Amino acid sequence: MNCSIETKWLDASVTALKGIAKKRAGLLRKMGIDTVRDLLLHLPLRYEDRSVVRPIMETVEGEECTIIATIASNPAHSRPRKNLSLWRLSVSDGSGHMIVVLFNQDFAVKNVQVGDRFLFFGTVKRQGVRIEMANPVFDKIKEDDSKPARVVPIYGLTAGLSQNQLRTHIQDAMKKALGGPDLLPDAFLNTHGLMLWDNAMQMVHFPEQLDKSIETARKRLAFDELLELEIGIQVQRRDHMKKIGPPMGRQDLGDVLQSLPFSLMAAQSRVLDEMLSDMEKPLAMNRLLQGDVGSGKTVVAFLAAVSAIRAGYQTVLMVPTEILAEQHLTSAKRMLEPFNIRVSLLKGNMKKRERDRLLQQLVEGGPDLVIGTHALLTEDVVFHKLGLVITDEQHRFGVRQRAALAGKGTSPHVLVMTATPIPRTLSLLVYGDLDISVLDGLPPGRKPIRTYIVKEAMRSRIEAFIRKTVQERQQVYVVCPLVAESEEMQAQSAEEMAERLQHHVFPDLCVGLIHGKMKTADKEDAMAAFLAGRIDVLVATTVIEVGVNVPNATVMVIENAERFGLSQLHQLRGRVGRGGEQSHCILFQNGGGKVANERLKAIEESTDGFLLAETDLKLRGPGEMFGTQQHGLPECHIANLYEDLELLQLAKDYATYLASQNAQNTMEVIPASTQEEMLYDYLLQRFSARLRPLIMN
Ligand code: ADP
Ligand code: MG
């Protein structure tokens, strides 16, 4: 077996290819393509089937097809309007004649000469005896081209680059870079039905026909991507195992626990214990706390903070929105100040003097617990002795941001919290470098939220229900429709809604407003007033989606619910049902297709975040990718973490196997096959070069 892993060409810069100089390389760079490998992994978005060739006489009106024909006479030009240059080509293929009409393509027509053979791909128009094709794709057929009509890949492009150019570069790259031995052993590929890499490349870029083999090819490429990811996770885990965390001992938290208005649920005690034992150990904690909305994560996090603080360390808590930061500040002060713990808030828009003073105090070790948003990440935020780093609603942050926060201490303990409903199977596979604690169950006395889908015709009844709710001294959220185009427009629609409700529907009630475009101080005021019960009905945008906790709010009305995603609806609904009263969630549906119907039905029928996550997964169409931003998941280009779950599991198993072979090998116990050893080394090396900067600080 040839064991050398030939990557010379794959790792070469694209400029090593014919016809790629500085300018072209710059365009490719814009698409994230630097190396020949990147180029090859730039897979087609879709394909155009130009393989069906029709004789001209057999074409059918309206059909999209390929015609191979010879230019019969010189192109005829006319200019019916000032901006319209019209060319007519008369072509024939032995079966008949066709007119090809081209608009504003003077440049392309220059290459057309009588007697040339061309391929035309477009839609046929037949009127009586006239057969026409307007603005088809057309390519001159090279003399040595034995099969000009084929399936053609269509790639994502950038301005200044054409399909033909990119296709040529990819063809060239394949000629140069393919032909080496496969990274993966034959036996492994055969067992798992994976294609050879070279074949997969050929198949995915230039398939013979549109069939299932393209998907089989994609799977092989996705597997390699996932294997790299899983090896990366292993490395991170291994590196982390070496990090000496701040030693904290076991602090007594009895007094704080005593002071709480409730006793911890069994699940909370268990999770807290998991964290405290981590923090006692000499290794830095690296833990993910997963718990559905309203499951009571905050108090557990605060208790862990108390432990760190009593051991002599500072704690920082990062949250995605200022509203949430304010809210955490209030509850942290209430819970912790009686125990002489100093809590501070670092906001994005603080006055310079105020901010400077706080930063000074931080370095000197003044505040014990600092709560804040992204504003915590700037370089001038320096701690005296940071021992515990907590990120709330971590799915709102990128991996890099979390790492940046942890970088503010010397290997502090790390806790990330999330209510993002990622199916458990998936979270184990992609958070493999984290220990996971799960907070299952909700605090006692909660009544399950009742959810109803309603139509416009029900509006007056719903308004009466809102009034009744307020009369019973409870509060209501009205969530405005999602406006994808801009936050500006969303803010505007929220303002209009608040106007209407205040002046025309509930003149006797107090209607409040909160949206993302308001000044921070105004947002704080609105939230404080709602929490204090001075606002009856709060009109809001999705700014209240994460974390907001007002237990007295028992009704949530969501306008145009069909526009929201399933997990977003679940998060929003989680803002009610936080106290002992029966809560209701009312979803106004105003259209939406089949998928929207199913989504709303799912949310009506279940309140289990994990079940909804699974449903969400099934309802999502293929190609709906999951960016790093939104889910805190690593970004994959070829694999879809949700859809390729089995492949991900296989990648994990194989990565584990390779790592174990490798570890044993260094201890010279069992000689692993040389190919496996080299593969592992190679993947490690690739991981360090490419992936690591994305994941680590
Ligand atoms: P989430 O997990 O969504 O962040 P929170 O931490 O905001 O949830 O908790 C939701 C509500 O549950 C809060 O009002 C909190 O005070 C309350 N809570 C937390 N733990 C308990 C408990 N053990 N018993 C009763 N209420 C609790
Ligand atoms: Mg929370």
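This passage describes the overall build of a predicted model, the surroundings of its ligand and three loop residues.

The chain contains 24 helices and 22 strands, and its C-alpha atoms fill a box of roughly 95 × 80 × 50 Å when taken along the principal axes. Of the 697 residues in the chain, 54% are buried. Among the contacts with a separation of 6 or more, 73% join residues that are 24 or more positions apart. The area that the chain exposes amounts to about 32600 Å², of which carbon and sulfur atoms supply 52%. With regard to charge, there are 83 positive and 85 negative side chains, and the centres of these two sets lie 4 Å apart.

Ligand 1 has 17 residues around it, and those that come nearest are Gln268, Gly294, Lys297, Thr298 and Arg446. Gly294 also places a backbone N or O atom 2.6 Å from an oxygen atom of the ligand. Side chains take part in such pairs as well: an N or O atom in the side chain of Asn549 is 2.9 Å from an oxygen atom of ligand 1, while a polar side-chain atom of Arg578 lies 3.0 Å from an oxygen atom of the ligand. Taken on its own, ligand 1 has 560 Å² of accessible area, and the protein covers 86% of this area.

Three residues in loops were examined individually. Thr541 is placed in the loop that runs between strand 20 (537-540) and strand 21 (553-558). Thr541 counts as buried because its relative accessibility is 4%, which is under the 20% limit for that class. When residues up to four places away in sequence are not counted, Thr541 touches Gln490, Ala494, Ile514, His515 and Gly516.

The other two loop residues are described by their backbone angles as well as by their exposure. Most residues other than glycine have a negative phi. Asn340, however, has a phi near 60°, a positive value in a residue other than glycine, and is found in the loop between helix 12 (322-336) and strand 12 (343-346). Because its relative accessible area is 68%, Asn340 is classed as exposed, the limit for that class being over 50%. Ser411 likewise has a positive phi, with a value near 30°, and belongs to the loop between helix 14 (399-406) and strand 15 (413-418). The relative accessible area of Ser411 is 21%, and this residue is therefore partly exposed.

Technical notes: Residues are numbered from 1 along each chain as its sequence is written. Chains are lettered from A and ligands numbered from 1 in the order in which they are written. This is a predicted model: local features need pLDDT of at least 70, side-chain atom pairs count only at pLDDT 80 or more; totals for chains, interfaces and linings use all residues. Side-chain values use heavy atoms; hydrogens and water are left out. Helices (H or I, at least four residues) and strands (E, at least two) are DSSP runs, numbered from the N terminus. Buried means under 20% relative accessible area, exposed over 50%, partly exposed in between (1.4 Å probe, protein chains only). Contact means heavy atoms within 4.5 Å. Accessible areas come from the Shrake-Rupley method with a 1.4 Å probe; for residues, only the protein chains shown count as cover. Lys and Arg count as positive and Asp and Glu as negative; His and the chain ends are not counted. The place of a charge is taken as NZ of Lys, CZ of Arg, CG of Asp or CD of Glu. A residue is near a molecule or strand if one of its heavy atoms lies within 4 Å of it. A polar contact is a pair of N or O atoms within 3.5 Å; within protein, one must be able to donate a hydrogen and the other to accept it, and residues adjacent in sequence count only if both atoms are side-chain atoms.
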